[in-house]
Amino acid sequence: TKMKAFPNTFLLTTLFASTPSSQPLHPAQLSSTTTSMKPNEWGSIAEGYSKDATRFTSLYATDLIGALYKEIQQAKTILDIGCGPGSFGVAYLNAFPQGIEGQTLILSDLSAGMVEQAKIVMDQRLPTNFKTTIEYKVQDGSTLEDIQDDSIDVAVSNFGVFLIPDQEKTLKTIQRVLAKPNGIFGTTAWTTIECRDALKAEGYGAGFHDSMEVALDDIESLLKNGEWKKWYFKDKINEMLVDQSGFRSSIVHRSIHSVPWTSAAALWGVLLNNPMAKFEKAGPEKTAAAKNIFFDAIGGTNEEIPLFVWAAANIVIAK
């Protein structure tokens, strides 16, 4: 296996953020709330994040590879921006179990802890004589200082780029590093759907993000009403990518996945331990109330009873 370590610069982690509210937001309602987090906050939960959040995010990483399959096969260099604990890397291994000769996959993140967790996850799965070279970088996604101009054939981000506070700078940076004229960018971002109540009524389970946001209604959380919710809307996505950042075109595919959990309590733990939820500032009374609201929305109890929940995402491809 060919792997390389790199000096510490910085990149944004893939965040398992809450998205849809009980009522879809109009773009005009979006605030300028920043979602920036300290790298060590994510590094401290990297192992737990890898076990819990990636149960959702890995499904969309597979979707992203499907949307970019031909381009990935032909690429010399692929850059994963905000790799988190390696969900895209694992999906890549599943899609290309022997690797691709002459290809390099760079997994990068703001959090050194997340990069280390991604390396652990990949090392556990990499076969002997894997053909793709795997590299790991700690790097700032809005600047990508260690990445040369026109050097990346395929840039990807599985729930990472859409949360970087300076979107315009970040997207222009991605434009800078993409090879011209055929470089391509693919990313995932949470979204909302109009039929969520119908899905729940038909037995498909509750929407995880809907339930999270209802529970956070009285919590001063970074998971609510962020600027990143522009990525809910196809017209706003096209405006950011084409009108503001210089991409020639953008396509938005939509995907829904359901995931089984051992209990509502286990699912609550994912929200409770998310640094962006800010429960440590809420106090025990508000936290207990939020838990009750969440259980009611998700249709669960304290009992160890399995349940299914779903989440919806946009799969965005830009050239």
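**Helix packing and the nonpolar core**

Contacts in the protein chain are dominated by long sequence separations: among those between residues at least 6 apart in sequence, 86% join residues at least 24 apart. The model is predicted. Its protein chain holds 12 helices and nine strands. Of the 319 residues, 57% count as buried.

In soluble globular proteins, nonpolar side chains tend to be buried together. In this model, the largest nonpolar core has 84 residues. Y92, F185 and F294 have the most contacts inside this core. Strand β9 (residues 307–318) supplies the largest share of the core, eight residues.

Y92 also belongs to helix α5, where it is one of the buried residues. Beyond its neighbours within four places in sequence, Y92 is in contact with I65, I72, I78, I100, Q103, L105, F130 and T132.

Helix α5 (residues 87–95) is largely enclosed by the rest of the structure, because seven of its nine residues are buried. These are S87, F88, G89, V90, A91, Y92 and L93. Several elements pack against the buried residues of α5. The helices among them are α3 (54–67), α4 (69–74) and α6 (112–125). The strands are β2 (77–81), β3 (104–109) and β5 (154–158).

Two packed helices are described by the angle between their axes and the distance between the axes. The axes of α3 and α5 come within 8 Å and cross at roughly 50°. This angle makes α3 oblique to α5. The crossing of the two helices is right-handed. On the α3 side, the contact is made by T54, T57, S58, A61, T62, L64 and I65. On the α5 side, S87, F88, A91, Y92 and A95 take part. The contact residues of α3 and α5 divide into seven nonpolar and five polar, with no charged residue. I65 of α3 is in this contact, and I65 is also listed among the contacts of Y92.

A second helix pair is formed by α7 (residues 167–177) and α10 (residues 234–244). Their axes come within 10 Å and cross at roughly 55°. Helix α7 is therefore oblique to α10. Helix α7 passes α10 in a right-handed crossing. Helix α7 contributes Q167, E168, L171 and K172 to the contact, and α10 contributes M240, L241 and Q244. By class, the contact residues of α7 and α10 are three nonpolar, two polar and two charged. Charged residues thus occur in the contact of α7 with α10, whereas the contact of α3 with α5 has no charged residue.

Terms used: Residues are numbered from 1 along each chain as its sequence is written. This is a predicted model: local features need pLDDT of at least 70, side-chain atom pairs count only at pLDDT 80 or more; totals for chains, interfaces and linings use all residues. Side-chain values use heavy atoms; hydrogens and water are left out. Axes are lines fitted to C-alpha atoms, for helices over the stretch in contact, and angles run from 0 to 180 degrees between N-to-C directions. Helices (H or I, at least four residues) and strands (E, at least two) are DSSP runs, numbered from the N terminus. Angles under 35 degrees count as roughly parallel, over 145 as roughly antiparallel, 65 to 115 as roughly perpendicular and the rest as oblique. A crossing is left-handed if the near helix is turned anticlockwise from the far one by less than a right angle, and right-handed if clockwise. Contact means heavy atoms within 4.5 Å. Ala, Val, Leu, Ile, Met, Phe, Trp, Tyr, Cys and Pro count as nonpolar, Asp, Glu, Lys and Arg as charged, and the others, Gly among them, as polar. A nonpolar core is a set of buried Ala, Val, Leu, Ile, Met, Phe, Trp, Tyr and Cys residues joined through side-chain atoms within 4.5 Å. Buried means under 20% relative accessible area, exposed over 50%, partly exposed in between (1.4 Å probe, protein chains only).
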